[in-house]
There are 2 protein chains.
Amino acid sequence: MGVTPLTPCLLVDVDRLEANIAAMAELARNRELALRPHAKTHKCLEIARLQVSSGAVGLTVATVSEAEVFAAAGFEDLFLGYPVYASRGLGPRLRDLAERTMLTIGVDSVESARALAAQLAGSRDRVRMLVEVDSGQHRTGVVPQKTGPLAAEVAHLGLAVDGVFTFPGHSYSPATRRTAADDEAVALATAAASLRAHGIEARVVSGGSTPSAGWSEAETLTEMRPGVYVFGDAQQWELGTIGAAGIALTCLATVVSHAGGNVVLDSGSKALGADRAAWASGHGRLVDHPDARIHQLSEHHAVVTWPDHDPRPPLGTRLRVAPNHACNAVNLADRFVVVRNGLPVDEWAVAARGANV
Amino acid sequence: MGVTPLTPCLLVDVDRLEANIAAMAELARNRELALRPHAKTHKCLEIARLQVSSGAVGLTVATVSEAEVFAAAGFEDLFLGYPVYASRGLGPRLRDLAERTMLTIGVDSVESARALAAQLAGSRDRVRMLVEVDSGQHRTGVVPQKTGPLAAEVAHLGLAVDGVFTFPGHSYSPATRRTAADDEAVALATAAASLRAHGIEARVVSGGSTPSAGWSEAETLTEMRPGVYVFGDAQQWELGTIGAAGIALTCLATVVSHAGGNVVLDSGSKALGADRAAWASGHGRLVDHPDARIHQLSEHHAVVTWPDHDPRPPLGTRLRVAPNHACNAVNLADRFVVVRNGLPVDEWAVAARGANV
């Protein structure tokens, strides 16, 4: 290392990364919660190891292929937090994972549980299930009151139900960040009670997202699963969960044009991702120029409105852009350039890049 | 092949692909224009070969690393349609490309031309330049009247100026699709005249995008560079450049949940890309269910409002989703499953996946 990397490329500031990991580990410890960070954010073995060595009990993953990447690297306690539909093609892979790891899988319908039980066959006693609860995002999951009846049906198929989980995704909005944490608390308490009413103890009550992590006060909660906190991103900055100085993941970009009086960077949507929430101020943020705004993004261009009070950087200048959504930016890259004090010191592979099946 | 692929994965319907390639080749022939399709859309050697064998004069690429992938596969006439800023790290790679191919590079500032001339050093006579014109997208490029003065400065640096190019990117909107084609015609004619006034003949006058391809009537035009036409996508469908039946690229997805009465697919933004124009009706379109709407998209979930008149597909059903923007979906995949009559017959690598530097 030491060579200036070509742009656009993703930089991980390892000091900030470690600070973010330590802060969330402390928050979990103080609240006496298990921390099971979502590995879909970083897809990186080195970062997962830092999380586990700071006290994470295991990892959350989104897909079977992500589970395989982390299992192959020795991570043995994995929660596949997704209502997997076990097609025949997934059967051998799920059985193999079940034999090699402590595998927990999400479920929100008896149809999915039935397909999973069939594909797991003799390995079904190796897997534990968490019933997914919709706490207000209205994506997947059952309403809290129906958790118990579904859990009973799932258990009847020979699959052990360990508890419930939710993702309060509506925390990703300034308007509902706080209420999402409250919604989560109510939904999980109701769901755990519904399980108990059907004779199943919710040993695991799992919630959490980065925006709601500091606020969730569900008394029944046993575990949290934030993902983005390791890096932070422009969305988290604008939601107020992190300051610009704490963001550990940036895309290094080069000024390639001054057309129209703007600053045009080579960090387009093929490097930053195209995520843009309705409330976001632009298509990513320049961490060292907080008043600059990326007002147009195409595949290889980020067009920046430059603030009048800030000298316009010459062509060839390199600037750091925080993507709006770290998870999707990471999935576009094959590796991170690891920096300490601004200097490249290592490279880490995005080991599960593209492992989205 | 013949095995049902796991989902989400990208399918290329090769009959539709060939029909789309043939139709654009015929349009270019009828208008006596050179066709130089943009390879950033597919990043695929097999597809580029089909384009060239149907009459394309060469390829357009977006980055140095895309140029390298196609050059290594024997494509020798490449236009790097981007205002490349030649950092020191790019120098050896640009010189190598210049020696191995007929390389043309875009430029919109004398500063970039100066950096390029310095890095190309003794290879600068191997490269030709096209001056980028802003025809209304307001991304990169100079105003048409300034093309001549810039071309003269570029030529003074020992770089041969072959003509002008533009991308009328504002054609990607129902409101300005037609006027963008008109803007392109006026801008290119003005730019070519500006070059001539400075003693430089615009041998190449290059424009075009998929939405404007059928409308552009620039008399001075010599070349068109559409990209998305090979596949079509949900944006092109909604812009009216292609019908659902003509779309050659889809993401095969599985129904994983019926939560909330919706149909939830496993094709999230890590498979489809997160592009969503303000005028798009959703986050991609189901080609066989035109009244369905993807109203929520996260990394591994597409939540679909299902039409009342259409029976709701059971869990495990596989459906085909046209991404909003083909180019960004392709950049997420390592390979295409090639289908003919709905059956997998081959796999093609996305050879330049991630080659975005």
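The following paragraphs describe the fold, the domains and the chain pairing of a predicted model.

Chain A contains 10 helices and 17 strands. Its C-alpha trace spans about 65 × 40 × 35 Å along the principal axes. The radius of gyration of chain A is 21 Å, which agrees with the value near 21 Å for a compact globule of 357 residues. Of these 357 residues, 60% count as buried. Contacts between residues 24 or more positions apart make up 67% of the contacts in chain A that have a separation of 6 or more.

The domain assignment splits chain A into domain 1, covering 15-227, and domain 2, covering 235-324. Taken over C-alpha atoms, the centres of the two domains of chain A are separated by 33 Å. Nine residues of domain 1 are in contact with nine residues of domain 2 in chain A. Helix α1 (residues 14-30) of chain A gives the largest share of the domain 1 side, with three residues. By character, the residues on this side of domain 1 are four nonpolar, three polar and two charged.

An open sheet of eight strands is present in chain A. Its order is β2-β9-β8-β7-β6-β5-β4-β3, and the pairing is parallel. The edges are formed by β2 (34-35) and β3 (59-61) of chain A, each of which pairs on one side only. Within the sheet, β8 (residues 204-207) and β9 (residues 223-224) of chain A are joined in the parallel sense by two bridges. Here Gly207(A) lies opposite Met224(A) of β9(A).

Thr101(A) sits in the loop between α4 (91-100) and β5 (102-107) of chain A. With 21 other C-beta atoms within 10 Å, Thr101(A) is buried. Leaving aside residues up to four places away in sequence, Thr101(A) touches Ala71(A), Glu76(A) and Leu78(A). Glu18(A) is 83 residues away along the chain from Thr101(A), and their C-alpha atoms are separated by 27 Å.

In chain B, helix α3 (residues 64-72) has the buried residues Val64(B), Glu66(B), Ala67(B), Glu68(B), Val69(B) and Phe70(B). Their cover includes two helices of chain B, α2 (45-53) and α4 (91-100). It also includes the strands β3 (59-61) and β4 (77-80) of chain B. After α3(B) comes Gly74(B), whose phi is positive, near 100 degrees.

Strands β16 (residues 335-340) and β17 (residues 343-349) of chain A run antiparallel and are joined by six bridges. Phe336(A) has Trp348(A) as its bridge partner in β17(A). The hairpin of β16(A) and β17(A) has two residues between the strands. Asn341(A) lies in this loop. Its phi is positive, about 55 degrees, although Asn341(A) is not a glycine. Asn341(A) is exposed, with 8 other C-beta atoms within 10 Å. In chain B, Asn341(B) is likewise found in the loop between β16 (335-340) and β17 (343-349). Asn341(B) has a positive phi of about 50 degrees, and it is not a glycine either. Asn341(B) counts as exposed, with 8 C-beta neighbours inside 10 Å. Most residues other than glycine have a negative phi, and most peptide bonds are trans.

The bond from Thr7(A) to Pro8(A) departs from the trans form: this peptide bond is cis, with omega near -5 degrees. Pro8(A) belongs to the segment before β1 (9-13) of chain A. The peptide bond from Thr7(B) to Pro8(B) is also cis, with omega near -5 degrees. Pro8(B) lies in the segment before β1 (9-13) of chain B.

The two chains meet through 54 residues of chain A and 54 residues of chain B. On the chain A side, at least two residues each come from the helices α5 (110-120), α9 (269-272) and α10 (326-330). The strands β10 (249-257), β13 (293-298) and β14 (301-305) of chain A each supply at least two as well. The chain A side comprises 19 nonpolar, 26 polar and nine charged residues.

A turn of 180 degrees and a shift of 0.0 Å along the axis lay chain A on chain B with an RMSD of 0.0 Å. The two copies are therefore related as by a two-fold rotation axis. Among the residues of chain A, Ala274(A) comes closest to this axis, with its C-alpha at 2.5 Å. Both copies use the same surface: 100% of the contact residues of chain A recur in chain B.

Conventions:
Residues are numbered from 1 along each chain as its sequence is written. Chains are lettered from A and ligands numbered from 1 in the order in which they are written. This is a predicted model: local features need pLDDT of at least 70, side-chain atom pairs count only at pLDDT 80 or more; totals for chains, interfaces and linings use all residues. Two strands pair if DSSP finds at least two bridges between them. Helices (H or I, at least four residues) and strands (E, at least two) are DSSP runs, numbered from the N terminus. A residue is buried if 20 or more other C-beta atoms lie within 10 Å of its own, exposed if 12 or fewer, and partly exposed in between; C-beta atoms are placed from the backbone. Two residues are in contact if their C-beta atoms, placed from the backbone, lie within 7 Å. Ala, Val, Leu, Ile, Met, Phe, Trp, Tyr, Cys and Pro count as nonpolar, Asp, Glu, Lys and Arg as charged, and the others, Gly among them, as polar. Domain bounds come from an automatic or database domain assignment. Copies are superposed by least squares on the C-alpha atoms of residues with pLDDT of at least 70 in both. The radius of gyration is taken over C-alpha atoms; the globule rule is 2.2 Å times the number of residues to the power 0.38.
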